[in-house]
Amino acid sequence: MITEQAVAFGKNGGLRGISCYDGEQPTQPGRTAFLLLNAGLVHRVGPFRMYVDLSRKLALHGIFTLRFDLSGLGDSSLQTGADDEAGQAIADVVEAIDWCEREHGISNVVLAGLCSGADNAHEVAVRDERVKGAVLIDGYAWPTLGFRLRDYGPGLLKPHRWLPFLFKKLRTRRDRIQCETHPEQSIPEVYVRDFPPKKRVESDLQNLI
């Protein structure tokens, strides 16, 4: 029997989530829990409700899961205290780990996330030794020479693709120049996914391994 329970934690109980486990008792102390982190602006059900399905399947294998909303997303209120949004996300995940340890004696966790959820999982994993694993779906990645050859190579053999490609590059260059010369006319981007320096990420992954 799968049990799902609404939980509140963090400052003034402002962070909300759903714990999922098999049976009447959440788990035995010392076990490992899965924490599922928001993907972008999608609330705790995850894209196409994948976090709901994943939580229930993990519960059938005796694994405690917590899917929750970060500050300002879904049912969670806007938390304060961090210097920026990225710092607040890290603080929220640490609060979730603290809650698992305090309420259920679970001090080992695996963080799983997609896109920005993967970014947040990465950042917390390198900071908190209670994180024993991380599932980073569409996490930090940079194009390699092989990628560029596979991506652009086929198009080079098809001349009818060259002109649209050049027009696209010229439009991008024109828009960039316009933003630099007339910043008051530029349209702010809704979401920008900033990557940390590649060398730092390489070092992070080596340390985690």
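The questions and answers below concern a predicted model and cover its sheet, its nonpolar cores, its aromatic pairs and its salt bridges.

Me: In what order do the strands of the open sheet stand?
Reply: The pairing in this open sheet is mixed, and the twist averages 20° from one strand to the next. The sheet is formed by 6 strands, and their order is β1-β2-β4-β3-β5-β6.

Me: Which strands stand at the edges of the sheet?
Reply: A strand at the edge has a single partner strand, so one side of that strand is left without a neighbour in the sheet. The two strands to which this applies are β1 and β6.

Me: Which residue in β5 stands opposite Phe34?
Reply: Strands β3 and β5 pair in the parallel sense, over 6 bridges. The residue of β5 that Phe34 stands opposite is Val110.

Me: At about what angle does α2 run to β4?
Reply: Two helices may be set side by side here, the one being α1, which lies across β1, β2, β3, β4 and β5 and runs at about 35° to β2. Helix α2 lies across β1, β2, β3, β4, β5 and β6, and its angle to β4 is about 145°.

Me: Which element supplies the largest share of the largest nonpolar core?
Reply: The largest nonpolar core has 26 residues, and those with the most contacts inside it include Phe9, Leu35, Phe64 and Leu111. At least two residues of this core come from each of β1, β2, β3, β4, α2, β5 and α3. The largest share, 7 residues, is supplied by α2.

Me: How many residues does the second, separate core have?
Reply: Nonpolar side chains tend to be buried together in soluble globular proteins. Here a second core, separate from the largest one, includes Leu36, Ala39, Ala112 and Leu114, and its residues number 8.

Me: Is the pair of Phe9 and Phe68 stacked or edge-to-face?
Reply: The structure holds 6 aromatic pairs. The ring centres of Phe9 and Phe68 are 5.7 Å apart and the planes stand at 70°, which is over the 60 degrees required, so the pair is edge-to-face. Phe9 in strand β1 and Phe68 in strand β4 are 59 residues apart, and both residues are buried. The arrangement of this pair is therefore edge-to-face.

Me: Is Phe195, the partner of Tyr140, buried or partly exposed?
Reply: Tyr140 and Phe195 form an edge-to-face pair, with 5.3 Å from centre to centre and 70° between the planes. Tyr140 lies in the loop between β6 and α4 and Phe195 in the loop between α5 and α6, so the pair ties together parts that are 55 residues apart in sequence. Tyr140 has a relative accessibility of 17% and counts as buried, whereas Phe195, at 32%, counts as partly exposed.

Me: Which residue forms a salt bridge with Arg67?
Reply: The partner lies in strand β1, and Arg67 lies in strand β4, 63 residues apart from that partner. Arg67 is buried, with a relative accessible area of 5%, whereas the partner is partly exposed, with 32%. The side chains meet with 2.9 Å from N to O, and the residue that pairs with Arg67 is Glu4.

Me: How far apart in sequence are the parts that Arg44 and Asp69 tie together?
Reply: Arg44 forms a salt bridge with Asp69, the closest N and O atoms being 2.7 Å apart, and both residues are buried. Arg44 lies in the loop between β3 and α1, and Asp69 in the loop between β4 and α2, so the parts that they tie together are apart in sequence by 25 residues.

Me: Which helix holds Arg200, the salt-bridge partner of Glu123?
Reply: The closest N and O atoms of Glu123 and Arg200 are 2.9 Å apart. Glu123 is buried, with a relative accessible area of 10%, while Arg200, at 31%, counts as partly exposed. Glu123 lies in helix α3, and Arg200, 77 residues apart from Glu123, lies in helix α6.

How values were computed
Residues are numbered from 1 along each chain as its sequence is written. This is a predicted model: local features need pLDDT of at least 70, side-chain atom pairs count only at pLDDT 80 or more; totals for chains, interfaces and linings use all residues. Side-chain values use heavy atoms; hydrogens and water are left out. A salt bridge is a side-chain nitrogen of Lys or Arg within 4 Å of a carboxyl oxygen of Asp or Glu. Helices (H or I, at least four residues) and strands (E, at least two) are DSSP runs, numbered from the N terminus. Buried means under 20% relative accessible area, exposed over 50%, partly exposed in between (1.4 Å probe, protein chains only). Rings of Phe, Tyr and Trp (its six-membered ring) pair if their centres lie within 6.5 Å; planes under 30 degrees apart count as stacked, over 60 as edge-to-face and the rest as tilted. A nonpolar core is a set of buried Ala, Val, Leu, Ile, Met, Phe, Trp, Tyr and Cys residues joined through side-chain atoms within 4.5 Å. Two strands pair if DSSP finds at least two bridges between them. Axes are lines fitted to C-alpha atoms, for helices over the stretch in contact, and angles run from 0 to 180 degrees between N-to-C directions. Contact means heavy atoms within 4.5 Å.
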